[in-house]
Every structure is written in C-alpha cells, then in structure tokens.
Amino acid sequence: MRKPLVMGNWKLNGSIDMAKNLVAGLRNELSTDVACDIAIAPPVVYLDFVKHQLGGSNIILGAQDVGINLSGAYTGEVSVDMLKEVGVTHIIIGHSERRTYHKESDEFIAKKFGVIKEAGLVPVLCIGETEAENEAGQTQAVCARQIDAVINALGVQAFNHAVIAYEPVWAIGTGKSATPAQAQAVHKFIRDHIAQKDAKVAEQVIIQYGGSVNDKNAAELFTQPDIDGALVGGASLKADAFAVIVKAAEKAKAKK
Ligand code: PGA
C-alpha cells in the first residue's frame, strides 16, 4: 500500500516571518498522526531556519533543487550533502521551471537523481508535457522520455523509494488543473511504463500529481487509483488550504 505524499513547493516566495507563520499554521492545522507523508520545500536559504521551526513535527523538510557536484569550484551551487546536513530528505528535481529557465536536460536531471540516491535521500522527479506537446498528442512520449533518461543512466531500481511528480506544464500556476480522469490516465501510463521494466518497482513508486492543485480540487484527484498525493505550488503558501489538501489525501487513502 503506497503512502501518499503531499509536498509544498514554495518556489521563490517567503521571508523569515512568512516561514515562521506558515510552519506555525501548519503545525496548528495538522495532527502529528497523519496517514500520509507531508513535506515542505522552502527556498534553500530558509531550510535551516524552517528545520528548527519544524522541531518535533512529522513534516518532512524538502529542497527545490540540488547541484550535481559534491564540492569544489562551482560558484552558487548547493550540494546534496549540504542539504542532508540541514535535515533535508526529499529533493525536487527537473521542475519545468528549471527545465525551461535553466535549460536543464533530461540527462542532467538524471545525474541529479543519481547524486540524491547515492546520498540515501529521496528524489522527487518532475515530469510532464507542455501545452503544445499536449495538443500534438505527445504527452506519453514526453513522460516516457523523461523517465527513460533516469532508467538509462541508473537502472529501473533507482525508482525504489523515489517519487515522480507528473506536472503537465500547462497546468502549473495557471489555475487550469488536469481533470482527475486526464491525470489518472497519464499516471497509469507512467506506472505501466515502469512496470514493463520491473513490476515491483512500479507498484511502490509514488506518483504525485501537480499543477494548480488546491483545496477545492484535491479530493477528487486523490480518489484516482494511481494518484499518490500532490506537489503543490501556490496553495502551499496558505496553511489552511495546504492542510485541506493533506486531509483530502488521508481521506482518499483510507478508501483505497
Ligand atoms: P501550482 O504549482 O500548484 O502553483 O500550479 C505546482 C508546481 O509547480 O509544483
């Protein structure tokens, strides 16, 4: 039985004050005994501060990205060991904003996947098609290519204890979420695609949906058999909305 993961991606938002209030709000809204995993990924500069604010809570600390090198002359980079040292366990990689604005390739993202696994942490691999690719009927081909980059570099076993976030690019930050049926179809495709290599790996891998998930649409998305929680952007900046999404994931899990 897979345990859903609801993860908040704060992106380039926040301040010390905001982090303090948001974590306090989440701790207030969420019980410490939840049936799904909850994570938040603040900007890297606030990780250590947030870790302290989280003391004693079951909320997992996540990061939004990581460098591929462990140390050396790489100005501006942050290594996986540094993230691990401040308490990060889950690291988002391959977000469409990084693929687009930083020109990150599938192969480069696969390298990040490898360093995270090597450090014993959990990669949250974002995949998904653009609007143009969607309209051209390329959704499955794009998702398969993005997953195969990791399988080709590291083998399918790398997806043990890993997370995939299916985030159609046209749904991110647009308010235009995929319908539950649309998302389920792609999630099933992703799971089947991995199952062609290894059924056990496919059965346990967490596949989150992401893209305009909010307190209104989460419950229905989570009823779908292959949707294991969500990667949440905008709605993760509000404690009450994020808590509603977490509770919806718990409720759906109880029924699955
Ligand atoms: P959104 O972002 O929830 O604001 O659409 C999701 C994401 O980019 O992970």
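Student: How far is an oxygen atom of the ligand from a polar backbone atom of serine 212?

Tutor: Happy to start there, with a word on the model. It is predicted, so local features need pLDDT of at least 70 and side-chain atom pairs count only at pLDDT 80 or more, while totals for chains, interfaces and linings use all residues. Residues are numbered from 1 along each chain as its sequence is written, and side-chain values use heavy atoms, with hydrogens and water left out. For serine 212, the distance from its polar backbone atom to the ligand oxygen is 2.7 Å.

Student: Which residues come nearest among the 13 around the ligand?

Tutor: A residue is near a molecule if one of its heavy atoms lies within 4 Å of it. By class, this shell has 4 nonpolar, 7 polar and 2 charged residues; here Ala, Val, Leu, Ile, Met, Phe, Trp, Tyr, Cys and Pro count as nonpolar, Asp, Glu, Lys and Arg as charged, and the others, Gly among them, as polar. Those that come nearest are Lys11, His95, Glu167, Gly173 and Ser212.

Student: How much of the ligand's exposed area does the protein bury?

Tutor: Two glycines also approach ligand oxygens through a backbone N or O atom: glycine 173 at 2.6 Å and glycine 233 at 2.8 Å. Taken alone, the ligand exposes 280 Å² (Shrake-Rupley method, 1.4 Å probe). The share of this that the protein buries is 95%.

Student: Which pocket is the space taken by the ligand?

Tutor: On a 1 Å grid over the protein atoms alone, a pocket is an open set of points with protein on both sides within 12 Å along at least five of seven lines, and lining residues have an atom within 4 Å of a point. A molecule sits in one if more than half of its atoms lie within 2 Å of its grid points. Gly173, Ser212, Gly233, Gly234 and Ala235 lie nearest the centre of the pocket in question, which has 20 lining residues. The ligand's space is the second largest pocket.

Student: Which element gives the most to the lining of the largest pocket?

Tutor: About 640 Å³ of space lies in that pocket, a volume being the space filled by probe spheres set on the points. Two elements give two or more residues to its lining, α4 (96–101) and α5 (106–118); helices are DSSP runs of H or I, at least four residues. With 3 residues, the top contributor is α4.

Note on methods: A polar contact is a pair of N or O atoms within 3.5 Å; within protein, one must be able to donate a hydrogen and the other to accept it, and residues adjacent in sequence count only if both atoms are side-chain atoms. On a 1 Å grid over the protein atoms alone, a cavity is a set of points where a 1.4 Å probe fits but cannot get out, and a pocket is an open set with protein on both sides within 12 Å along at least five of seven lines; lining residues have an atom within 4 Å of a point.
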